[in-house]
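This report describes one protein chain for a reader who has not met it before. It begins with a pair of strands and then moves outward to the rest of the chain.

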Amino acid sequence: MMQREMEQKSAGQNGTGQKPAGHKIKRSVTIYSWHRQVEAGMLTWEDCIKAAAKMGCSGIELLGQLYFRYCPEALDEDIESWKELMWTYGTQMICHDFFVDMTMYAHRRLTVREGVDIIRRHALFAKKLNCPIIRLGGTALPEITKAAIPVLEDLGIKMGQELHNGASSFAMPWTQKLLEVIEQSGSKYIGIIPDMSMFTKHIGERNIQFGIAQGVDETLARDVAAMFEKVSNEDFRSYCAELMEKAEDDATKDWLSMIYRMEYFDPSILTKLAPHIVHCHGKFYEMDDNNEETTIDYPGIIKALIDGGYNGYISAEYEGAPINNDTFEPFRRYEKMLDKYLGKFPDANFPDWPDARPATDTQGGFFTPLQQAIDGTLKNWYDDGECTGFSVDVRSFYYRGVPLALFESAYVQVDGQVYGPEDMRVLVDGELFEFKDMCDVTLHYWNKGYPAKLIIRKPGGLSQGWHEVSAIAEIRAYYMREGFAPRRRSISFAKPLKMKVDN
């Protein structure tokens, strides 16, 4: 019997489907999952909290930069408004997500002390919100985690490093070094946050169909999915790497670069690591009509957590498509699945669900060159009464606010002519920057949901009348540039918008 089959057979015996007794596992929702709908104006953050409470989830996990414009130095009025929402719906913010960007500067890595200072600022932010846990995403140096212990202990805030399929899974030497730091420290204020993507049994049909829709040969896609279930994680990565070398089209290369992150580990590892788990990310990909996750070994996961005595939250996180055109339906099914394994949680008595239409006009992955120019914002630009160029506002499709040092490049295409960073200045939150000068601006953020104005140098500006405009703004994020993530091969603009210049 192949290794993968042995692992899956073992995992299948772990889950009986019966409700276990005696656990203290609680439920939460990572409302980042709905940020596209909020950005599109189809939901408010209050709608998201209301939906989470109605599902029976008492905990709220939030990427603070989505709600708090100046996170982690949030305004007192925003902090109070958030606390009011928590009180209104009987919920608690139980985890704040943040990152230590090791590539904050283009020319060097972040130092340990700089990393600790970022942690300190976010821990202070969490303390103001009565939030007990902060989640460190990505792959920050284990030395940073170790050096941050006195800060976290002083503030009484726990920090968990997210472990995720791909660059930060159990298979990585980096992860083993982190676990050594945690175990040797003896501190209860540092730990791990496992993401359930590491326990993927099958490559789901949604991922297969996505590849086919992008141009991947169906036979190849299904062969890859079948191979995933037959070989070890390491052999599967090697298999995908070989296929990428042979692939002649970008669609196949991009799909394989996403798929070879998939991994399966025996969930019993969670029992062993339970003393170090401060929070759990309940990632899920596909929920069927029987309220079961078809790709991830949830029976094995839940049993392992209970056997290990884990008593924290499982925070539902979904990055997939709506079901039956309903944004909340995948979450309802997920919570009903947990009812089977954890015992039924009562729904809250709120009379109505928020409007749950999917925001299909704004959905897209990190690597998709969606239209970022904001319709109706094309104007000529004047300095001291002289027309020196033109401007257009852009939105960021990246899922969090970033310091301007990570705003790496931008391109605007007008009537077929392309303008790059060397031709532009940037206006962000009231301050004007030369693009080249933003490389060391670390405390001024371009926040999610707020536009940046790109100002293009073109003496005399644009002629009055209609123009075709498209724009791309690129963010440098270390976990998209290293490890498993593909690199951009060329500038690819989305379908242009028609905008009128009348000034």
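## Strand β17 and its partners

R425 stands opposite I455 in β17. Strands here (E, at least two residues) and helices (H or I, at least four residues) are DSSP runs, numbered from the N terminus. The model is a predicted one, in which local features need pLDDT of at least 70 and side-chain atom pairs count only at pLDDT 80 or more, while totals for chains, interfaces and linings use all residues. Residues are numbered from 1 along each chain as its sequence is written, and side-chain values use heavy atoms, with hydrogens and water left out.

Strand β17 covers residues 452-457, and 5 of its 6 residues are buried. Buried means under 20% relative accessible area, exposed means over 50%, and partly exposed lies in between (1.4 Å probe, protein chains only). Strand β14 (residues 424-428) is also mostly covered, with 4 of its 5 residues buried.

Two strands count as paired if DSSP finds at least two bridges between them. The pairings of β17 and β14 are set out below.

| Strand pair | Bridges | Direction | A bridge partner pair |
|---|---|---|---|
| β10 (residues 386-394) and β17 | 6 | antiparallel | G389 and R457 |
| β14 (residues 424-428) and β17 | 4 | antiparallel | L427 and K453 |
| β14 and β15 (residues 431-434) | 4 | antiparallel | L427 and L432 |

L427 thus appears with a partner on each of two strands: K453 in β17 and L432 in β15. β14 and β15 form a hairpin with 2 residues between the strands, and D429 there takes a positive phi near 50°.

## The chain as a whole

The chain has 15 helices and 19 strands. Of its 503 residues, 57% count as buried. Contact means heavy atoms within 4.5 Å. Among contacts between residues at least 6 apart in sequence, 79% join residues at least 24 apart.

## Nonpolar cores

A nonpolar core is a set of buried Ala, Val, Leu, Ile, Met, Phe, Trp, Tyr and Cys residues joined through side-chain atoms within 4.5 Å. The largest one has 148 residues, and W82 and F407 have the most contacts inside it. Neighbours within four places in sequence aside, W82 is in contact with I31, I49, I60, L62, Y67, F68, M93 and L129. There is also a second, separate core of 6 residues, among them C95, I133, I193 and V278.

## The cavity

A cavity is found on a 1 Å grid over the protein atoms alone, as a set of points where a 1.4 Å probe fits but cannot get out; lining residues have an atom within 4 Å of a point. Grid points are joined across faces, edges and corners, and a volume is the space filled by probe spheres set on the points. By this account the structure holds 1 cavity of 30 Å³ or more. About 60 Å³ of space lies in the largest cavity.

Its lining consists of Q65, F98, F99, D101, M104, I118, R121, H122, R400, P403 and Y445. The elements giving two or more residues to this lining are β3 (92-99) and α5 (112-128). Of the elements, α5 gives the most, with 3 residues. By class, the lining has 6 nonpolar, 2 polar and 3 charged residues. Here Ala, Val, Leu, Ile, Met, Phe, Trp, Tyr, Cys and Pro count as nonpolar, Asp, Glu, Lys and Arg as charged, and the others, Gly among them, as polar.

## Two helix residues

E335 is found in helix α14 (residues 329-342). E335 is buried, with a relative accessible area of 4%. Not counting residues up to four places away in sequence, E335 touches R27, S28, M55, C57 and A316.

T271 lies in helix α12 (residues 269-273) and is partly exposed, at 27% relative accessible area. Leaving aside neighbours within four places in sequence, T271 is in contact with A304, D307 and G308. G308 is 37 residues from T271 along the chain, yet their C-alpha atoms are separated by 4.1 Å.

## Backbone exceptions

Most residues other than glycine have a negative phi, and most peptide bonds are trans. The bond from C71 to P72 is cis, with omega near 10°, and P72 is in the loop between β2 (59-63) and α4 (76-89). N325 has a positive phi of about 60°; this residue is in the loop between β8 (313-318) and α14 and counts as exposed, at 56% relative accessibility. D415 has a positive phi near 50°. The place of D415 is in the loop between β12 (407-414) and β13 (417-419), where D415 is partly exposed, with a relative accessible area of 48%.

Conventions
On a 1 Å grid over the protein atoms alone, a cavity is a set of points where a 1.4 Å probe fits but cannot get out, and a pocket is an open set with protein on both sides within 12 Å along at least five of seven lines; lining residues have an atom within 4 Å of a point.
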